[in-house]
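The following exercises concern strand pairing and the surroundings of a single side chain. Please work through each task before reading its solution.

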Amino acid sequence: QVQLVESGGGLVQAGGSLRLSCAASGSIFGYIAMGWYRQAPGKQRELVARALSGGNTIDADSVKGRFTISRDGAKNMVYLQMNSLKPEDTAVYYCHLATMTGHYWGQGTQVTVSP
């Protein structure tokens, strides 16, 4: 059984930084991609950044130049370095894993950015 656990969220002032971590455990077979999504109250869940198989990464226009996703395959972890945070970044951030046999989600970690 695959499990994802996020950590690193919290309250930060605008312009500050946070680093989110996601630890994956269980039998991971057929890796495709890991990524970060976020969901603000009353809004749909949206892609923030994704690390693709082969090392390529993509990110949303809203975070480009501010957020960086990275993955440590040996440790089965993925990270999201968030700099120059804005109040509109406030959301619950979810770790996601896509494999050839299924999709998996973490429980989420709250990020709150004050003005």
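**Exercise 1.** Determine how E1 and strand E3 (residues 18–25) pair, and place them in their sheet.

*Solution.* Step 1: E1 and E3 run antiparallel and are joined over five bridges; strands (E) are DSSP runs of at least two residues, numbered from the N terminus, and two strands pair if DSSP finds at least two bridges between them. Step 2: within this arrangement, Ser7 stands opposite Ser21 in E3. Step 3: the open sheet has four strands in the order E1-E3-E8-E7, with antiparallel pairing. Step 4: strand E1 (3–7) and E7 are the edge strands, each pairing on one side only.

The model is predicted, and local features need pLDDT of at least 70, side-chain atom pairs pLDDT 80 or more, whereas totals for chains, interfaces and linings use all residues. Residues are numbered from 1 along each chain as its sequence is written, and side-chain values use heavy atoms, leaving out hydrogens and water.

**Exercise 2.** Locate Arg66 and establish whether Arg66 is buried or exposed.

*Solution.* Step 1: Arg66 belongs to the loop between strand E6 (57–59) and strand E7 (67–72). Step 2: its relative accessible area is 10%, so Arg66 is buried (under 20%; exposed is over 50%, partly exposed in between; 1.4 Å probe, protein chains only).

**Exercise 3.** Identify residues that Arg66 touches beyond four places away in sequence.

*Solution.* Contact means heavy atoms within 4.5 Å. Arg66 touches Gln81, Met82, Asn83, Ser84, Leu85, Lys86 and Asp89. Of these, Ser84 offers its backbone oxygen, which the Arg66 side chain reaches at 3.0 Å.

Conventions:
A polar contact is a pair of N or O atoms within 3.5 Å; within protein, one must be able to donate a hydrogen and the other to accept it, and residues adjacent in sequence count only if both atoms are side-chain atoms.
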